[in-house]
Every structure is written in structure tokens, then in C-alpha cells.
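Welcome! Let's take a friendly first look around this protein, starting with its charged pairs and moving on to its nonpolar parts.

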Amino acid sequence: MNQSENSQFLGTEKISRLMLKFSVPCVLSLLVSALYNIVDQIFIGNSELSALGNAATGIVFPIFIIAQAFAWCFGDGCAAYLNICQGKKDTQSAHKAIGTGILVTIFASMILMFIFFPLKTQLLTLFGASENSIGMAIEYFNIILAFFPAFMLSNMMNAVIRADGSPSWSMASMLLGAIINIILDPVFIFGLRWGMKGAALATVTGQFVSFVISFFYFFRTKTFKLTKKSFVPDFKVFAGALKLGTSSFITQMTIVIISMACNIMLAKYGAMSHYGVDIPIAIIGIESKVFTVIINLVVGIVLGCQPIIGYNIGAKNYGRVKKLYKSVLLCTVVIGAASTLMFEAVPQAVVGMFGTPTNIPNPQDYWMFAEKTFRIFLSLVTFTCVIKMTSIFFQAVGKPAQAIVSSMIRDIVCFIPLILILPHFFGIEGILFAAPIADFIAMIVAAALTVTFMQSLKEEQPEERNETVLKPSKQGVIITISREHGSSGKQIGKLAAERLGIPFYYKEMTALAAQESGLDREFISGINANSPAMLHSLYLSTDVVQQAIVAQDKVIRKIAGNGSCVIVGRAADHVLRNYENVIRIFIYAPAEYRIRRVMEVYGDSEEEAKKNIRRSDEARAAYYHSISGLHWGNAHNYDLLVDSSIGIKNCAAAVCEYVETIENKNDL
């Protein structure tokens, strides 16, 4: 299916069918991933290790997430970069980014091992280990840590495999690893009576099998091929991929911060209560694993729908966006409500899957705290699910500011301060009440952001527009013009094109890109401007914006292949970097001249002109850097720099004279 057919599919196919097609594989993938976290605790809890064993694995859990944060950052970044390269038909950059990503993942895993191993006792104590559980935690941790390279590489490679068009291979890798873990857990824990060592060995064996399966895939890739040159580090290329994986890293590290803060406070106030340290740590460890399964269901649904949401928002099919949001919201609420009913009605049955406590002094306290945790801590789990879904939805529609606010307001702004404050007044129960209070506040914010956004989506009547086609041209140079806002670069380029008798492309590029992608031309036109300051990179890394950029790049190459012309903006100088007949021009001017021009052309006041110039130039610089990895306006990136304060006609004449000089030189 080519891009235009795929666009039509996303814009016209029945939403329920699209959700099944895109979300089910994503949900299954995340659920398999969650199995690694939950299986060990079930078998450990039902063995002689009991509650203390569960406490030990819960203490090690944040270490897992730290490693996963780096692996997902590198893997998701390389996967997104691979998809971009596929659209641009850039076969060189993809394999370099992936090869460098593999090396960086190995290096990061070794660094983590060297940091964590000598500090393991201090780290595990910080995460809530007591004198009763520290021995088990260290035994489990030592084995897990030794296999960090395989664990991190498996996670990193699986993301790339999915992007390469082989989700079934990625699923098989994770599923087989999880199955082996499930089989070996009872063998090692009960049969061989290896205790915590057995649980850890079962986990790392499954992880290693997943790694081996993923490793062999890289000998049969579809859209890229790794060679020896791939593993010569190219950090300039990898930087582009790394930027695309930043959001995955932030998300995972947020979980680490929450887990650390929660465990520290549970250990502190548990010691002051009749529960002791180990019961709260064990129960919250079980809660986090159960919660991971619930939240992965929701995340899988909305993540799977990201391409559908992104395409339709870019195409301004706002009715479908709203309908899709309602469908995802309904699924989220059903999952949250069913979970809440289970946690409120039968919390002991849920916790009972993880065994009966046999190695703690007061088992009745264990069950009492378990009931309180599931009935209080997870009482508004439906809100938690909706908040998470809302954050990912805003990522899909290219609203990074709203995505960050809706995510951070619950976890960082509310939950962490609340678990630090409430226990001073309510003891350890204050930690449990922190979650629903944070959920309630964050839900209000998320709802307000969503309503405001939905109200901004006003259906527009489609305009009758003539199909934009390539203009007739002749063989010759391609002139690309980059310009500062207010420097009259567009007018200079148009006048130069008229004098040279060649086509001029500015808005025509976005119209052609809209035809190529099915996205709205106004949306494409605004991708290098519609991002708030400090969030350009996050905005430009969203799926729908990358889809628009890929379509735009294709159009620029198609225009260049049609013959001599002038192209203004859109990082065309970089897109055509491998073309021999390209003249790269940058138009600039003193600040006073640009302010005056903006005031004349747009009717701005002086302050408004200054503000708009700064905002526009920042957006152009961010867009150019995102596309090229280079600095916009750097003199070394261009063949000719022109100060437009000498006048539009004089600048156009200078451009024409330079072009004629180059053409005459080539004729010689």
C-alpha cells in the first residue's frame, strides 16, 4: 500500500476496524512485556520466599525501569528515525543511526553495571530494602544486573524490528522469552529450590532468549542493512534519532522517580506503624505490577491509534478525530471501571494470586494493608487511565505542551508532593490517599485541556481548489532560499525567478505535499511555526508532523527533478544536499530593517514585530536543525549570503548575477 492509499485508508476506513488493526498488536506487545514484571512475583509469593521475596523484587523494580528508560529511548528513537528515512528513501542514515544506537545501548548498559554494582547496597536500601529483605534483594539484583546488556539490547532492537515492518517477529521474541520465564520459574524456584536466585535466573534466561531472537533478525532486515560501517559511531546522525526517543525516556524516568519517592516514604512511615517496613513495600510492589497490566491495556489502545489520530488531525478530518477520541475514551473508561470494581470488591483475591505471607510476624497486617492499598490507592484508577490516555492523545495530535502538562500534573506536580506531605498528618495511610487526590486534581486539568482542544476543532467546509501541478521548466540550477523573518526573502526569490524565467515555489510546495500525503495544506504550511517555544523538538517529532515532513521532502525532490527553479524555505537546501546543481542562498538583514518591514507588511506595532520576528526565527531554526542537524543561518551552510537592506530589486539582481556566473562557469 503506497502512501496516498494508506492515507485514504486512515481517513475513510471504519474506525472500529482501524482500532482493531492498529491497537490489538500494540496491546498484546505491552501485555507480554508486563508478564516479565508480574510472573516472578506470583511464583515468588507462592514459594517459601513469600512476602519478603515480593518486597525484594519490588525494591529492584525501579532499577529495571532505569535500564528500560535508556533502552526505549535509543530503540524508539532509532525506530522513529528509521520510519522517517523510509519515507525519504534515505538508505544511508538509517543503518548508521541503528548501528550507533546498538553501540550506545551496549555502552550505556556497561556504565549502569559499573555504577550500580558497587553501590547496590546503598541503592537498594534507598529504594526501601530492610534488614529482612536486603539479602534477597541483593541476590536477585546481582543476577539481573549481570544480564543488563542482553536486556537493554533486546528492548532496543525490538523497537527497530517493529519499525522495519516485522511486528510479528518482535512479538515472537518477547512472547517466547516470557513463556520461557513462566516455565523456568516453578522449575528453578520449586523444583531446584534456588529461591531468589532461581527467580532471577528464570527472568534473565527469558530475556536472553528474546535478545537472541532479536539479534538474528538483524541478518534479515527489510528496509536497511547493517554492515561494518554501520558500527563506526556517527553521533551526528544518532543525535536525530536520540531526540525522537526523548519522550520515552522521560516517561520511564518519571516512573522511577515515583517508585523511589513512594518506596522511601513507605519504608519511613511503615517503620513507624504496626505494619513495619516490609509489608508496605511488598504490597505496593504487587500493586505496581497489577497496575502495569491495567495501564498497558489503555496505553496499547491509544498508542496503536496514534497514526490514525495523527493523520486525521493533519487532514483536518475533525469529525473523525472526535469520534476516535470518544471510542478510545469509552474503552479506557470500561477498563478502568472494571478494574475499580475488582479492586474494591475482591482486593484479597487479587493479592492472593501472589501467595500467602508466611515469613512475616503478623499476616493479618499484610491482608489489612493489602485491602487498604487496593481500595484507597487505586480507588480512582479510572481517572489514572483517562489521564494517561489524554497525554498520549495530545502527543498524537502534535500538542506537546498539553501532553506534558496532563502527564506531569498527576505524577510530579501532585502525587510526589502529596506523598511527602500527607504522611506527616495521617501516617502511612496518607501515602495511600495521595494517589486518588492526585488523580482527582489531574483529571480536572486533563478534562479542561481536552474540552478546550475539542472546541478548537471547528469543522470547515472544504474549499474548491485547483490541483497544483509541477510547472514547466528547463534544465539548469536549482536555487534554494532560506531567509530571516522580515528580510523579504520570499519577494526576492519570486523576482529572481521571474528575471531568470524559471518556476517559483513557495506555497505550491505545501499544496503538492498535501496531495502527496492527504494532509491539509494549512497544517503542512504551519509545521515549522506551530510549536511553542522550548517544545519545537517534541512537536516536530510527533508522527503526523513527521508524515508531513516526509511528504514535503518527496515533493521538493520531485520539483528539483523537474528542472531549474527557485524554492523558498522548508530546509530545501538540506533536502537537496546531494544534488550537484543546487545554489544555496541565505537572505538576512539588520534588525531595524526587518522590524520596519514586518510593521509595513503585517501592520504590527514595533513590539509585536520584534516578538513575531523572534518567534518565527526560533521556529525556523528548530525546524532546520530537526531536519538537518545543522544550525540555521550558519554561513558555512550556504553558497551566497545577501543583505536585503540594499533593496529587493538589488538583491534579486545580485542573485541573478551570481546564478549566471555559476552557469557560465559550468559551461566552460
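## A bridge between two loops

E48 and R193 are both exposed. Please keep in mind that this model is predicted. The two residues form a salt bridge, and their closest N and O atoms are 3.0 Å apart. E48 sits in the loop between α2 (15-45) and α3, while R193 sits in the loop between α8 and α9 (195-217), so the pair ties together parts that are 145 residues apart in sequence.

## More salt bridges

How many salt bridges are there by the rule used here? The count comes to eleven. One of them joins E371 to R375, with the closest N and O atoms 3.2 Å apart. Both residues belong to helix α15 (residues 363-377), where they are four residues apart, about one turn of the helix. E371 is partly exposed, with a relative accessible area of 25%, and R375 is partly exposed too, at 32%.

K471 and E508 also meet through their side chains in a salt bridge, at 3.2 Å from N to O. This pair links distant parts of the chain, 37 residues apart: K471 is in the loop between α19 (428-456) and β1 (478-483), and E508 is in helix α21 (residues 507-517). K471 has a relative accessible area of 27%, which makes it partly exposed. E508 counts as partly exposed as well, at 24% relative accessibility. Elsewhere, R410, D411 and D439 are joined into one network by salt bridges that share partners.

## The nonpolar cores

In soluble globular proteins, nonpolar side chains tend to be buried together. Here, the largest nonpolar core has 187 residues, and F148 and F218 are those with the most contacts inside it. Helix α3 (residues 50-88) gives the largest share of this core, 21 residues.

Which residues does F148 touch, leaving aside its neighbours within four places in sequence? F148 is in contact with I63, A67, S109, L112, M113 and F116. Another core lies apart from the largest one; this other core has 21 residues, among them I479, I481, L500 and V659.

## A nonpolar patch on the surface

Some nonpolar residues are found on the outside. L175, I179, I183, V187, L192 and W194 form a nonpolar patch on the surface, and together they have about 480 Å² of accessible area. L175, one of these residues, lies in helix α8 (residues 167-191). With a relative accessible area of 35%, L175 is partly exposed.

Methods
Residues are numbered from 1 along each chain as its sequence is written. This is a predicted model: local features need pLDDT of at least 70, side-chain atom pairs count only at pLDDT 80 or more; totals for chains, interfaces and linings use all residues. Side-chain values use heavy atoms; hydrogens and water are left out. Patches are made of residues with over 30% relative accessible area and no salt bridge: like charges are joined within 9 Å, nonpolar side chains (Val, Leu, Ile, Met, Phe, Trp, Tyr) within 5 Å. Accessible areas come from the Shrake-Rupley method with a 1.4 Å probe; for residues, only the protein chains shown count as cover. A salt bridge is a side-chain nitrogen of Lys or Arg within 4 Å of a carboxyl oxygen of Asp or Glu. Helices (H or I, at least four residues) and strands (E, at least two) are DSSP runs, numbered from the N terminus. Buried means under 20% relative accessible area, exposed over 50%, partly exposed in between (1.4 Å probe, protein chains only). A nonpolar core is a set of buried Ala, Val, Leu, Ile, Met, Phe, Trp, Tyr and Cys residues joined through side-chain atoms within 4.5 Å. Contact means heavy atoms within 4.5 Å.
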